Amino acid sequence: MEKLDLQLFATTTQTTGLAALSDEMKTYYEKRLIDNAEPNLVHDQFGDKYPIPEGSGKTIEFRRYSPLPKALTAITEGVTPDGDNLQVSAVTATVSQYGNWIRLSDMLELAAIDRNVEQATKLLGAQAGRTLDTITREELNGGTNVLYAPKVSGGSTTEVLSRSDITADCKLNVDVFYRAAAQLEAMNASPVDDSFVAIIHPYSAYDLMRSEEWIDCHKYAAPENIYNGEIGKLGNIRFVKSTEAKIWGPAEIVPGYPRLTVKTAVSSATTSLVVKEVIPQNLCGSLAEPVPVYVGGAANTVTAVTYGAAGATLTLGSSISAAAANAVVCGQGGGKDGSAVFSTLVLGANAYGTTELENGGLEHIVKQLGYGDDPLNQRSSVGWKATKAAKRLVEAYLVRIESGNSYSDKAKSN
(Lines give C-alpha, C1' and ligand atoms only; values in the text may rest on other atoms or scores of the structure.)
Protein backbone atom coordinates (compact mmCIF):
# COMPACT_ATOMS: atom_id res chain seq x y z
CA MET A 1 0.00 0.00 0.00
CA GLU A 2 1.14 3.50 -0.74
CA LYS A 3 2.07 5.58 2.32
CA LEU A 4 0.91 9.20 2.44
CA ASP A 5 2.19 12.01 4.62
CA LEU A 6 -1.01 13.01 6.46
CA GLN A 7 0.56 16.16 7.86
CA LEU A 8 1.24 17.30 4.32
CA PHE A 9 -2.44 16.93 3.46
CA ALA A 10 -3.64 18.39 6.77
CA THR A 11 -2.27 21.79 5.74
CA THR A 12 -4.49 21.90 2.66
CA THR A 13 -7.94 20.73 3.78
CA GLN A 14 -10.32 22.58 1.45
CA THR A 15 -12.53 24.85 3.54
CA THR A 16 -14.27 28.07 2.61
CA GLY A 17 -11.52 30.01 4.27
CA LEU A 18 -8.77 28.53 2.09
CA ALA A 19 -8.08 30.73 -0.92
CA ALA A 20 -5.77 28.41 -2.81
CA LEU A 21 -3.39 25.50 -2.52
CA SER A 22 0.01 26.32 -1.12
CA ASP A 23 2.94 26.43 -3.54
CA GLU A 24 4.27 23.30 -1.85
CA MET A 25 1.07 21.40 -2.56
CA LYS A 26 0.83 22.73 -6.11
CA THR A 27 4.31 21.36 -6.77
CA TYR A 28 3.43 18.09 -5.06
CA TYR A 29 0.29 17.52 -7.13
CA GLU A 30 1.97 18.63 -10.35
CA LYS A 31 4.69 16.06 -9.76
CA ARG A 32 2.10 13.40 -8.98
CA LEU A 33 0.32 14.15 -12.26
CA ILE A 34 3.54 13.90 -14.27
CA ASP A 35 4.66 10.76 -12.43
CA ASN A 36 1.39 9.07 -13.35
CA ALA A 37 1.56 10.28 -16.96
CA GLU A 38 5.14 9.25 -17.67
CA PRO A 39 4.74 5.42 -17.53
CA ASN A 40 2.20 5.68 -20.35
CA LEU A 41 4.46 7.76 -22.60
CA VAL A 42 6.21 4.82 -24.26
CA HIS A 43 6.02 6.35 -27.73
CA ASP A 44 7.56 9.60 -26.46
CA GLN A 45 10.46 7.81 -24.83
CA PHE A 46 12.80 7.70 -27.83
CA GLY A 47 12.04 11.00 -29.57
CA ASP A 48 14.09 14.18 -29.54
CA LYS A 49 12.57 16.49 -26.92
CA TYR A 50 11.74 20.09 -27.76
CA PRO A 51 10.51 22.77 -25.34
CA ILE A 52 7.03 24.21 -25.71
CA PRO A 53 7.30 27.50 -27.62
CA GLU A 54 6.47 30.53 -25.52
CA GLY A 55 5.22 33.74 -27.10
CA SER A 56 5.73 32.37 -30.62
CA GLY A 57 2.26 31.30 -31.64
CA LYS A 58 1.12 27.72 -32.12
CA THR A 59 3.98 26.56 -34.32
CA ILE A 60 6.93 24.60 -32.98
CA GLU A 61 10.06 24.12 -35.06
CA PHE A 62 11.86 20.78 -35.08
CA ARG A 63 15.37 20.78 -36.54
CA ARG A 64 16.69 18.10 -38.87
CA TYR A 65 20.44 17.86 -39.58
CA SER A 66 21.62 16.46 -42.91
CA PRO A 67 24.66 14.13 -42.93
CA LEU A 68 27.90 15.55 -44.25
CA PRO A 69 29.20 14.24 -47.58
CA LYS A 70 32.42 12.25 -47.75
CA ALA A 71 35.57 14.39 -47.65
CA LEU A 72 37.39 12.71 -50.56
CA THR A 73 39.59 15.66 -51.58
CA ALA A 74 43.09 15.23 -50.23
CA ILE A 75 44.36 18.02 -47.96
CA THR A 76 47.26 20.04 -49.36
CA GLU A 77 50.22 20.14 -47.02
CA GLY A 78 50.30 23.40 -45.08
CA VAL A 79 46.97 24.60 -46.47
CA THR A 80 43.87 24.75 -44.29
CA PRO A 81 40.85 23.36 -46.16
CA ASP A 82 37.67 25.43 -46.48
CA GLY A 83 35.72 23.36 -43.98
CA ASP A 84 32.05 22.57 -44.11
CA ASN A 85 28.76 23.95 -42.81
CA LEU A 86 25.97 22.30 -40.91
CA GLN A 87 23.00 21.64 -43.16
CA VAL A 88 19.91 22.26 -41.02
CA SER A 89 16.34 22.11 -42.24
CA ALA A 90 13.35 23.07 -40.16
CA VAL A 91 10.28 20.87 -39.83
CA THR A 92 7.33 22.67 -38.28
CA ALA A 93 4.26 21.35 -36.50
CA THR A 94 1.25 23.02 -34.94
CA VAL A 95 0.86 22.42 -31.23
CA SER A 96 -2.61 21.74 -29.87
CA GLN A 97 -4.06 21.68 -26.38
CA TYR A 98 -5.72 18.68 -24.75
CA GLY A 99 -7.21 18.23 -21.31
CA ASN A 100 -9.93 16.97 -19.00
CA TRP A 101 -11.23 17.60 -15.48
CA ILE A 102 -13.21 16.02 -12.65
CA ARG A 103 -15.78 17.87 -10.55
CA LEU A 104 -15.70 17.29 -6.77
CA SER A 105 -18.74 17.94 -4.58
CA ASP A 106 -18.88 19.72 -1.24
CA MET A 107 -20.88 16.77 0.10
CA LEU A 108 -17.59 14.90 0.42
CA GLU A 109 -16.28 15.08 3.95
CA LEU A 110 -13.86 17.98 4.22
CA ALA A 111 -11.20 15.79 5.75
CA ALA A 112 -11.39 13.49 2.74
CA ILE A 113 -11.09 16.10 0.01
CA ASP A 114 -7.31 15.95 -0.24
CA ARG A 115 -7.51 12.20 -0.68
CA ASN A 116 -10.02 12.72 -3.49
CA VAL A 117 -7.71 15.25 -5.09
CA GLU A 118 -4.96 12.64 -4.80
CA GLN A 119 -7.06 9.91 -6.42
CA ALA A 120 -8.39 12.25 -9.11
CA THR A 121 -4.83 13.30 -9.89
CA LYS A 122 -3.75 9.67 -10.31
CA LEU A 123 -6.61 8.93 -12.69
CA LEU A 124 -6.14 12.14 -14.65
CA GLY A 125 -2.39 11.60 -14.85
CA ALA A 126 -2.86 8.15 -16.35
CA GLN A 127 -5.42 9.55 -18.79
CA ALA A 128 -3.09 12.38 -19.77
CA GLY A 129 -0.26 9.92 -20.38
CA ARG A 130 -2.34 7.66 -22.60
CA THR A 131 -3.75 10.65 -24.49
CA LEU A 132 -0.38 12.26 -25.17
CA ASP A 133 1.17 8.89 -26.01
CA THR A 134 -1.54 8.23 -28.59
CA ILE A 135 -0.88 11.57 -30.30
CA THR A 136 2.76 10.58 -30.80
CA ARG A 137 1.80 7.01 -31.74
CA GLU A 138 -0.51 8.16 -34.53
CA GLU A 139 2.20 10.41 -35.97
CA LEU A 140 4.76 7.59 -35.97
CA ASN A 141 2.38 5.10 -37.55
CA GLY A 142 1.90 7.45 -40.49
CA GLY A 143 5.44 6.65 -41.65
CA THR A 144 6.10 5.48 -45.20
CA ASN A 145 8.48 2.56 -44.55
CA VAL A 146 6.39 -0.59 -44.03
CA LEU A 147 7.16 -4.29 -43.83
CA TYR A 148 4.43 -6.94 -43.67
CA ALA A 149 4.89 -10.19 -41.79
CA PRO A 150 4.52 -13.09 -44.26
CA LYS A 151 1.69 -15.60 -44.01
CA VAL A 152 2.87 -19.00 -42.79
CA SER A 153 0.39 -21.84 -43.15
CA GLY A 154 0.77 -25.57 -43.66
CA GLY A 155 4.54 -25.29 -43.98
CA SER A 156 4.40 -22.74 -46.80
CA THR A 157 5.21 -19.04 -46.64
CA THR A 158 3.35 -16.42 -48.67
CA GLU A 159 4.51 -12.83 -49.07
CA VAL A 160 1.99 -10.20 -47.95
CA LEU A 161 1.87 -6.85 -49.73
CA SER A 162 -0.95 -4.94 -48.02
CA ARG A 163 -2.62 -4.46 -44.63
CA SER A 164 -5.91 -5.89 -45.87
CA ASP A 165 -4.19 -9.21 -46.65
CA ILE A 166 -2.91 -9.66 -43.09
CA THR A 167 -4.42 -12.66 -41.27
CA ALA A 168 -3.81 -14.32 -37.90
CA ASP A 169 -1.25 -16.54 -39.66
CA CYS A 170 0.95 -13.51 -40.43
CA LYS A 171 2.82 -13.71 -37.13
CA LEU A 172 6.03 -11.87 -36.34
CA ASN A 173 9.24 -13.79 -36.86
CA VAL A 174 12.95 -13.20 -36.36
CA ASP A 175 13.66 -12.63 -40.04
CA VAL A 176 11.32 -9.65 -40.43
CA PHE A 177 13.17 -7.82 -37.64
CA TYR A 178 16.56 -8.52 -39.14
CA ARG A 179 15.17 -7.04 -42.36
CA ALA A 180 14.00 -3.95 -40.49
CA ALA A 181 17.38 -3.53 -38.79
CA ALA A 182 19.18 -3.98 -42.12
CA GLN A 183 16.96 -1.31 -43.66
CA LEU A 184 17.79 1.16 -40.87
CA GLU A 185 21.51 0.37 -41.08
CA ALA A 186 21.50 0.82 -44.86
CA MET A 187 20.12 4.34 -44.34
CA ASN A 188 22.88 5.07 -41.79
CA ALA A 189 20.41 5.39 -38.94
CA SER A 190 22.15 5.60 -35.57
CA PRO A 191 21.03 3.29 -32.77
CA VAL A 192 19.26 4.61 -29.68
CA ASP A 193 22.03 4.19 -27.11
CA ASP A 194 23.44 0.79 -28.15
CA SER A 195 20.60 -0.69 -30.25
CA PHE A 196 17.58 0.08 -32.34
CA VAL A 197 14.29 0.06 -30.43
CA ALA A 198 11.01 -1.69 -31.22
CA ILE A 199 7.68 -0.76 -29.63
CA ILE A 200 5.53 -3.89 -29.61
CA HIS A 201 2.08 -4.93 -28.35
CA PRO A 202 1.98 -7.74 -25.72
CA TYR A 203 -0.08 -9.93 -28.08
CA SER A 204 2.61 -9.63 -30.76
CA ALA A 205 5.43 -10.09 -28.26
CA TYR A 206 3.88 -13.40 -27.20
CA ASP A 207 4.68 -14.92 -30.61
CA LEU A 208 8.18 -13.48 -30.81
CA MET A 209 9.41 -14.24 -27.29
CA ARG A 210 9.30 -17.99 -27.96
CA SER A 211 12.14 -17.68 -30.47
CA GLU A 212 15.43 -19.31 -29.45
CA GLU A 213 17.25 -16.08 -30.31
CA TRP A 214 15.17 -14.02 -27.85
CA ILE A 215 17.04 -12.63 -24.79
CA ASP A 216 14.96 -11.57 -21.78
CA CYS A 217 15.97 -8.19 -20.35
CA HIS A 218 16.86 -9.67 -16.94
CA LYS A 219 19.56 -11.69 -18.72
CA TYR A 220 21.33 -8.60 -20.06
CA ALA A 221 24.94 -8.02 -19.06
CA ALA A 222 23.80 -4.71 -17.50
CA PRO A 223 20.11 -5.31 -16.62
CA GLU A 224 19.89 -2.08 -14.65
CA ASN A 225 20.11 0.05 -17.80
CA ILE A 226 16.73 -0.84 -19.27
CA TYR A 227 14.00 1.33 -20.75
CA ASN A 228 10.56 1.86 -19.31
CA GLY A 229 8.57 -1.18 -20.49
CA GLU A 230 11.56 -3.08 -21.92
CA ILE A 231 11.12 -6.85 -22.13
CA GLY A 232 14.02 -8.22 -24.14
CA LYS A 233 16.32 -8.13 -27.13
CA LEU A 234 16.67 -9.75 -30.54
CA GLY A 235 19.89 -9.13 -32.44
CA ASN A 236 20.56 -5.39 -32.26
CA ILE A 237 16.93 -4.46 -31.45
CA ARG A 238 15.67 -3.88 -27.91
CA PHE A 239 11.93 -4.39 -27.41
CA VAL A 240 9.62 -2.19 -25.34
CA LYS A 241 6.12 -3.49 -24.65
CA SER A 242 3.05 -1.27 -24.66
CA THR A 243 -0.68 -1.99 -24.71
CA GLU A 244 -0.93 1.30 -26.61
CA ALA A 245 0.96 -0.05 -29.64
CA LYS A 246 -1.26 0.63 -32.64
CA ILE A 247 -3.99 -1.85 -33.64
CA TRP A 248 -6.04 -1.53 -36.83
CA GLY A 249 -9.20 -3.53 -36.24
CA PRO A 250 -12.29 -3.78 -38.44
CA ALA A 251 -14.49 -0.69 -38.20
CA GLU A 252 -17.86 -1.11 -36.51
CA ILE A 253 -20.77 -1.85 -38.85
CA VAL A 254 -23.13 -0.69 -36.11
CA PRO A 255 -21.93 0.28 -32.62
CA GLY A 256 -20.39 -2.72 -30.88
CA TYR A 257 -20.39 -4.97 -33.96
CA PRO A 258 -17.18 -4.90 -36.04
CA ARG A 259 -17.53 -8.55 -37.10
CA LEU A 260 -20.64 -10.51 -38.09
CA THR A 261 -21.10 -14.10 -39.26
CA VAL A 262 -23.17 -15.25 -42.24
CA LYS A 263 -25.99 -17.49 -41.02
CA THR A 264 -27.61 -18.62 -44.26
CA ALA A 265 -25.45 -19.43 -47.28
CA VAL A 266 -26.09 -17.46 -50.45
CA SER A 267 -25.94 -19.15 -53.87
CA SER A 268 -27.72 -16.65 -56.13
CA ALA A 269 -27.59 -12.92 -56.73
CA THR A 270 -28.91 -10.90 -53.78
CA THR A 271 -28.34 -7.78 -51.71
CA SER A 272 -29.78 -9.33 -48.51
CA LEU A 273 -27.61 -11.28 -46.12
CA VAL A 274 -28.76 -12.93 -42.89
CA VAL A 275 -26.22 -13.06 -40.07
CA LYS A 276 -26.17 -15.05 -36.83
CA GLU A 277 -25.92 -12.05 -34.54
CA VAL A 278 -29.10 -10.63 -33.03
CA ILE A 279 -28.52 -6.89 -33.22
CA PRO A 280 -30.63 -4.75 -30.84
CA GLN A 281 -33.57 -3.01 -32.49
CA ASN A 282 -32.37 0.45 -31.49
CA LEU A 283 -29.25 -0.09 -33.63
CA CYS A 284 -31.16 -1.32 -36.67
CA GLY A 285 -32.52 0.69 -39.58
CA SER A 286 -31.11 2.58 -42.54
CA LEU A 287 -27.55 3.75 -41.92
CA ALA A 288 -26.68 7.43 -42.26
CA GLU A 289 -23.79 6.54 -44.57
CA PRO A 290 -22.97 3.25 -46.32
CA VAL A 291 -20.45 1.37 -44.17
CA PRO A 292 -17.49 -0.12 -46.12
CA VAL A 293 -17.23 -3.84 -45.33
CA TYR A 294 -15.70 -7.08 -46.52
CA VAL A 295 -18.11 -9.96 -47.19
CA GLY A 296 -16.15 -13.20 -47.27
CA GLY A 297 -13.07 -11.16 -48.18
CA ALA A 298 -14.71 -9.13 -50.98
CA ALA A 299 -15.26 -5.37 -50.66
CA ASN A 300 -18.86 -4.16 -50.35
CA THR A 301 -21.00 -1.81 -48.25
CA VAL A 302 -23.84 -2.16 -45.77
CA THR A 303 -26.64 0.38 -46.20
CA ALA A 304 -29.22 -0.92 -43.69
CA VAL A 305 -29.67 -3.43 -40.87
CA THR A 306 -33.04 -5.10 -40.19
CA TYR A 307 -33.82 -6.58 -36.80
CA GLY A 308 -34.47 -10.31 -36.55
CA ALA A 309 -35.06 -12.38 -33.40
CA ALA A 310 -33.00 -15.21 -34.92
CA GLY A 311 -30.44 -12.99 -36.63
CA ALA A 312 -30.24 -9.61 -38.32
CA THR A 313 -30.49 -9.03 -42.06
CA LEU A 314 -27.94 -6.80 -43.79
CA THR A 315 -28.78 -4.83 -46.92
CA LEU A 316 -25.68 -4.65 -49.11
CA GLY A 317 -24.78 -1.82 -51.44
CA SER A 318 -23.74 -4.24 -54.21
CA SER A 319 -25.24 -7.57 -55.14
CA ILE A 320 -23.34 -10.74 -54.30
CA SER A 321 -23.82 -14.12 -55.98
CA ALA A 322 -22.33 -16.35 -53.27
CA ALA A 323 -21.46 -16.37 -49.58
CA ALA A 324 -20.72 -19.41 -47.47
CA ALA A 325 -22.36 -20.05 -44.11
CA ASN A 326 -20.05 -18.81 -41.30
CA ALA A 327 -18.27 -16.42 -43.68
CA VAL A 328 -17.16 -13.23 -41.94
CA VAL A 329 -18.71 -9.85 -42.64
CA CYS A 330 -16.48 -7.15 -41.16
CA GLY A 331 -15.91 -3.45 -41.32
CA GLN A 332 -12.89 -2.35 -43.31
CA GLY A 333 -9.72 -1.13 -41.62
CA GLY A 334 -7.96 -4.38 -40.75
CA GLY A 335 -7.61 -7.61 -42.68
CA LYS A 336 -10.21 -8.74 -45.20
CA ASP A 337 -11.12 -11.72 -43.02
CA GLY A 338 -11.77 -9.51 -39.98
CA SER A 339 -8.29 -9.90 -38.51
CA ALA A 340 -6.93 -7.05 -36.43
CA VAL A 341 -3.55 -5.83 -37.66
CA PHE A 342 -0.83 -4.97 -35.12
CA SER A 343 1.92 -2.39 -35.55
CA THR A 344 5.48 -2.82 -34.29
CA LEU A 345 7.63 0.30 -34.72
CA VAL A 346 11.39 -0.13 -35.14
CA LEU A 347 13.20 3.13 -34.47
CA GLY A 348 16.62 4.63 -34.89
CA ALA A 349 17.88 7.73 -33.08
CA ASN A 350 16.57 11.14 -34.18
CA ALA A 351 13.68 9.60 -36.11
CA TYR A 352 11.10 11.95 -34.59
CA GLY A 353 10.61 14.88 -32.25
CA THR A 354 8.05 15.53 -29.55
CA THR A 355 7.28 18.33 -27.13
CA GLU A 356 8.50 18.09 -23.56
CA LEU A 357 6.19 16.98 -20.78
CA GLU A 358 7.46 19.49 -18.25
CA ASN A 359 8.01 23.23 -18.63
CA GLY A 360 4.57 23.96 -20.05
CA GLY A 361 3.84 20.60 -21.60
CA LEU A 362 1.52 19.33 -18.86
CA GLU A 363 -0.28 21.41 -16.25
CA HIS A 364 -2.20 20.30 -13.14
CA ILE A 365 -5.17 22.54 -12.29
CA VAL A 366 -7.05 22.53 -8.97
CA LYS A 367 -10.00 24.86 -8.40
CA GLN A 368 -11.21 25.49 -4.84
CA LEU A 369 -14.77 25.32 -3.55
CA GLY A 370 -16.66 28.40 -4.71
CA TYR A 371 -14.78 29.05 -7.95
CA GLY A 372 -16.69 30.56 -10.86
CA ASP A 373 -20.47 30.74 -10.64
CA ASP A 374 -20.80 28.81 -7.37
CA PRO A 375 -22.49 31.06 -4.77
CA LEU A 376 -23.00 28.20 -2.27
CA ASN A 377 -19.45 26.78 -2.46
CA GLN A 378 -20.71 23.43 -3.75
CA ARG A 379 -18.09 22.58 -6.34
CA SER A 380 -14.35 22.18 -6.67
CA SER A 381 -12.45 20.52 -9.51
CA VAL A 382 -9.21 18.86 -10.52
CA GLY A 383 -7.97 18.82 -14.10
CA TRP A 384 -5.06 18.67 -16.52
CA LYS A 385 -4.15 20.58 -19.65
CA ALA A 386 -1.33 19.82 -22.04
CA THR A 387 0.21 21.40 -25.11
CA LYS A 388 1.43 18.72 -27.50
CA ALA A 389 2.90 18.07 -30.92
CA ALA A 390 4.91 15.24 -32.46
CA LYS A 391 6.59 15.02 -35.85
CA ARG A 392 8.48 12.44 -37.87
CA LEU A 393 11.83 14.03 -38.70
CA VAL A 394 13.64 11.40 -40.81
CA GLU A 395 11.36 8.86 -42.48
CA ALA A 396 14.26 6.55 -43.24
CA TYR A 397 15.01 6.10 -39.53
CA LEU A 398 11.64 4.46 -38.77
CA VAL A 399 10.23 1.14 -40.01
CA ARG A 400 6.70 -0.06 -39.26
CA ILE A 401 6.05 -3.80 -39.23
CA GLU A 402 2.43 -4.89 -39.62
CA SER A 403 1.40 -8.37 -38.51
CA GLY A 404 -1.34 -10.57 -37.13
CA ASN A 405 -1.23 -12.85 -34.11
CA SER A 406 -3.21 -15.38 -32.11
CA TYR A 407 -5.57 -12.64 -30.89
CA SER A 408 -6.30 -11.04 -34.28
CA ASP A 409 -9.77 -12.55 -34.55
CA LYS A 410 -10.96 -10.73 -31.40
CA ALA A 411 -8.83 -7.61 -30.97
CA LYS A 412 -10.30 -4.16 -31.64
CA SER A 413 -8.83 -0.89 -32.82
CA ASN A 414 -7.19 1.29 -30.19
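Here is a friendly round of questions and answers about this predicted model.

Residues are numbered from 1 along each chain as its sequence is written. In this predicted model, local features need pLDDT of at least 70, side-chain atom pairs count only at pLDDT 80 or more, and totals for chains, interfaces and linings use all residues, while side-chain values use heavy atoms and leave out hydrogens and water.

Reader: Let's begin with the overview: how many helices and strands are there in the protein?
Author: Helices (H or I, at least four residues) and strands (E, at least two) are DSSP runs, numbered from the N terminus. By that count, the protein has five helices and 24 strands.

Reader: What percentage of the 414 residues is buried?
Author: Buried means under 20% relative accessible area, exposed over 50%, and partly exposed in between, with a 1.4 Å probe and protein chains only. Of the 414 residues in the protein, the buried share is 43%.

Reader: Among contacts between residues at least 6 apart in sequence, what share joins residues at least 24 apart?
Author: A contact here means heavy atoms within 4.5 Å. Among the contacts in the protein between residues at least 6 apart, the share that joins residues at least 24 apart is 74%.

Reader: Which helix gives the largest share of the largest nonpolar core?
Author: A nonpolar core is a set of buried Ala, Val, Leu, Ile, Met, Phe, Trp, Tyr and Cys residues joined through side-chain atoms within 4.5 Å. The largest one has 47 residues, and Phe-46, Phe-177, Leu-208, Ile-237, Phe-239, Val-346 and Ile-401 have the most contacts inside it. Its largest share, six residues, comes from helix H4 (residues 174-186).

Reader: And how many residues are in the second, separate core?
Author: That second core includes Tyr-257, Leu-260, Val-262 and Val-291. Its residue count is 22.

Reader: In strand S21, which residues point to one face and are buried?
Author: Strand S21 covers residues 362-367, and its side chains alternate. Glu-363, Ile-365 and Lys-367 point to the other face and are not buried. The buried ones are Leu-362, His-364 and Val-366.

Reader: Which residue in S22 is the bridge partner of Val-366?
Author: Two strands pair if DSSP finds at least two bridges between them. Six bridges join S21 to strand S22 (residues 379-388), and the two run antiparallel. In S22, the partner of Val-366 is Val-382.

Reader: Why does the salt bridge of Asp-44 and Lys-388 tie together parts far apart in sequence, and how many residues apart are they?
Author: A salt bridge is a side-chain nitrogen of Lys or Arg within 4 Å of a carboxyl oxygen of Asp or Glu. The side chains of Asp-44 and Lys-388 meet in one at 2.5 Å, N to O, and both residues are buried. Asp-44 lies in the loop between helix H2 (23-37) and strand S1 (48-50) and Lys-388 in strand S22, so the parts they tie together are apart in sequence by 344 residues.

Reader: In the salt bridge of Asp-207 and Arg-210, is Arg-210 buried or exposed?
Author: The side chains of Asp-207 and Arg-210 meet at 3.4 Å, N to O. Asp-207 is buried, with a relative accessible area of 9%. At 55% relative accessibility, Arg-210 counts as exposed.

Reader: Which residue of S22 is 5.6 Å from Asn-100, C-alpha to C-alpha?
Author: Asn-100 is in strand S4 (residues 96-105) and is partly exposed, with a relative accessible area of 31%. Leaving aside neighbours within four places in sequence, Asn-100 is in contact with Leu-124, Gln-127, Gly-383 and Trp-384. The residue at 5.6 Å, 283 residues apart in sequence, is Gly-383.Reader: What is the C-alpha separation of Thr-271 and Gly-317?
Author: Thr-271 has its place in strand S14 (residues 270-274) and counts as partly exposed at 34% relative accessibility. Beyond four places in sequence, Thr-271 touches Leu-314, Thr-315, Leu-316, Ser-318 and Ser-319. Thr-271 and Gly-317 are 46 residues apart along the chain, and their C-alpha atoms are separated by 6.9 Å.
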